[in-house]
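Okay, thanks everyone for squeezing me in. I'll put the structure up and walk you through the parts I'd like you to look at.

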Amino acid sequence: MPVAVVVGMQWGDEGKGKIIDLFAENVDVVARYQGGHNAGHTICFGETEFVLHLIPSGIFHKGKLCVIGNGVVVDPMALQDEMRQLEEVNIELEGRLVISDRANIIMPYHGVSDQGREKGDGKFQKIGTTGRGIGPSYADKIARTGIRTCDLRDEKFLRSRLEANHEEKSLVLKSLYGKELSELDALYSDLMVFREVVLKYLDDTHVLMNNLISRDKKILCEGAQGTMLDVDHGTYPFVTSSNSSAGGACTGLGIPPTKIDRVLGVMKAYTTRVGEGPFPTELFDKDGEQLGKVGHEFGATTGRPRRCGWFDAMVARYAIKINGIEALILTKIDVLDGFKTIKVCTGYKFEGKVYADMPADPKVLESCEPVYTEHEGWMQKTAGIRDFDELPQKAKDYVKHLSDLLETPFLIVSTGPDREDTIELGRLFNS
Ligand code: GDP
Ligand code: IMO
Ligand code: MG
């Protein structure tokens, strides 16, 4: 039953793309279970650097099956663009890419509504979304008014779904944001173009996944975003609109919980966040600047600068609990190479109380004071090191300290963006 889930443990951009691409070599299937083209998963090997938004991060490994699950929201334009870009670099998609016929489609009105809400002159809570229509599309899914990929098979049904939505969305967009929605026929004809491209990739992915499981195929479920952006467990309302935590792999792919046997968590050696919302260890000083500069902390999807701060063990401990993580992957340790002192947050202090568990109250998260331990930096290059023994002693101590603090072993320590810049301490699957 070799099914593993890889989740982000912080606020996204932990380096999941790099790690999933690395693991993909030794699995049969990589399957995305939630999110949409808000994700940006960077993959680097040799001269190639590619940012994937929707297509699973196993696509650069020949012969591996890549599945977009029912839990993903699919933007037709973004998917077609990404498919074209991959074809331009000679990546074969036919026979390798499968898209769930139960996935919800992001329509242009979702993007308009997302951006409208974000610019709402203080009327609405600004989240700092990617503006890609993710929230409004998931909202329609839950409201049972969404258009799904299987609807593309039935033109009459599709048209009637679209008509009902068009009427409602035209009114809402006009009255709330003063925006005119495109004509119904234009929306419909774009869907018809998408239909031509995508029909051959659609399949009943719960059947596929369960067949693959019964044939003992090795499956890697790819999470997007991170635990702290999970709609249930993250820093609500400053979250995305799906379950990015490990539970999402079951609902987003139709895999029963009893069939998942490994959950691995990816975390940066420090913390970043894009968009609004609480971030207890955020730095506004030269250390923060250095993390951003050395770590090239700009969003892979929107290009926005990422907010930077020290490693937060409160966040990591919480992610371990929520996801059931039994092995850790540490990325970007090389970004800490030039720091004389490195801090790690072990608790939050608020109104005289030190919290040991993640508080739900945004007020506490906004105003708490992080409790730090300090570590002497190694002030030597770790970038590109591939053998744990070659790390400077103080870098080894930092890794050991995190592992002790989190009571969880490390499987990988990543020392650079390239596939090869990796210290492997264990295997994804033992057989
Ligand atoms: P994802 O969304 O979790 O896949 O992460 P992103 O791709 O958005 O952001 C991670 C960034 O860090 C990318 O630019 C990666 O190429 C880069 N990266 C990944 N691992 C490492 C590492 O160990 N060291 C350094 N310096 N960069 C890394
Ligand atoms: P990957 O998979 C980092 C953030 C946005 C915003 C919030 C809600 O690359 O780690 P949304 O557009 O989803 O409604 O925005 O979530 N966000 C991400 N931050 N990495 C991501 O994905 C993100 N996807 C969404 O910045 O704060
Ligand atoms: Mg990213």
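So, burial to begin with: 58% of the 431 residues in the protein chain count as buried. Keep in mind that this is a predicted model.

Now the overall picture. If you want to count elements along with me, the protein chain has 12 helices and 20 strands. Measure a box along the principal axes and the C-alpha atoms fill roughly 65 × 50 × 40 Å. Is that what a compact globule would give? Let me put it another way: what radius of gyration goes with 431 residues in a compact globule? The rule says near 22 Å, and the protein chain has 22 Å, so the two agree.

Contacts next. Take the pairs with a separation of 6 or more: 77% of those contacts in the protein chain are between residues 24 or more positions apart. As for the outside, the accessible surface of the protein chain is about 18,300 Å², and carbon and sulfur atoms own 49% of that.

Right, on to the ligands. Let's take ligand 2. How many residues surround ligand 2? There are 20, and the closest are Asp13, Lys16, His41, Thr130 and Thr240. Sorted by character, that shell has 7 nonpolar, 10 polar and 3 charged residues.

Look at the oxygen atoms of ligand 2 for a moment. One has a polar side-chain atom of Asn38 at 2.9 Å. There is also a backbone N or O atom of Gln225, 2.8 Å from an oxygen atom of the ligand. And Arg304 brings in a polar side-chain atom at 3.0 Å from an oxygen atom of ligand 2. How much of this ligand does the protein cover? On its own, ligand 2 has 550 Å² of accessible area, and the protein covers 98% of that.

Now swing over to ligand 1. Ligand 1 is surrounded by 20 residues, with Lys16, Gly17, Thr42, Asp334 and Ser414 the closest. Lys16 is a name you've just heard, since it is also on the list of closest residues for ligand 2.

The polar contacts here go like this. Asp13 has a side-chain N or O atom 2.9 Å from an oxygen atom of ligand 1. For Gly15, a polar backbone atom is 2.8 Å from an oxygen atom of the ligand. Gly40 also uses its backbone, with an N or O atom 2.8 Å from an oxygen atom of ligand 1. The protein covers 91% of the 590 Å² of accessible area that ligand 1 has on its own.

While Lys16 and Gly17 are on screen, follow the chain along helix α1, residues 16-24. How many of its residues are buried? It's 9 of 9, and the buried set runs through Lys16, Gly17, Lys18, Ile19, Ile20, Asp21, Leu22, Phe23 and Ala24.

Two more buried residues, both in helices. One is Lys169, in helix α5, which covers residues 155-177. Is that lysine buried or exposed? Its relative accessibility is 11%, so Lys169 counts as buried. Leaving out residues up to four places away in sequence, Lys169 touches Tyr109, Asp140 and Leu181.

The other is Val399, in helix α12, residues 393-406. Val399 is at 4% relative accessibility and therefore counts as buried. With the same sequence neighbours left out, residues up to four places away, Val399 touches Leu330, Ile333, Phe388, Phe410 and Val413. Leu330 is 69 residues from Val399 along the chain, and their C-alpha atoms are 8.3 Å apart.

Last bit: backbone oddities. Zoom in on Tyr236 to Pro237, where the peptide bond is cis, with omega near 5°. Pro237 is in the loop between β10 (219-222) and α8 (247-253).

Then there's positive phi. His296 isn't a glycine, yet its phi is positive, about 50°. You'll find His296 in the loop between α9 (286-294) and β13 (307-309), and His296 is exposed because its relative accessible area is 61%. Met379 also has a positive phi of about 50° without being a glycine. That one lies in the loop between β18 (369-376) and α12. Met379 has 46% relative accessibility, so it counts as partly exposed.

That's my tour, thanks for listening.

Terms used: Residues numbered from 1 in each chain as written. Chains lettered and ligands numbered in written order. Predicted model: local features only at pLDDT ≥ 70, side-chain atom pairs only at ≥ 80, totals over all residues. Heavy atoms only, no water. Near = heavy atom within 4 Å. Polar contact = N/O pair within 3.5 Å; in protein donor to acceptor, adjacent residues only side chain to side chain. Areas by Shrake-Rupley, 256 points an atom, 1.4 Å probe, with all protein chains shown as cover. Nonpolar A, V, L, I, M, F, W, Y, C, P; charged D, E, K, R; others polar. Helix = DSSP H or I, 4+ residues; strand = E, 2+ residues; numbered from the N terminus. Rg over C-alpha atoms; globule rule 2.2 N^0.38 Å. Buried < 20%, exposed > 50% of the residue type's maximum accessible area, 1.4 Å probe, protein only. Contact = heavy atoms within 4.5 Å.
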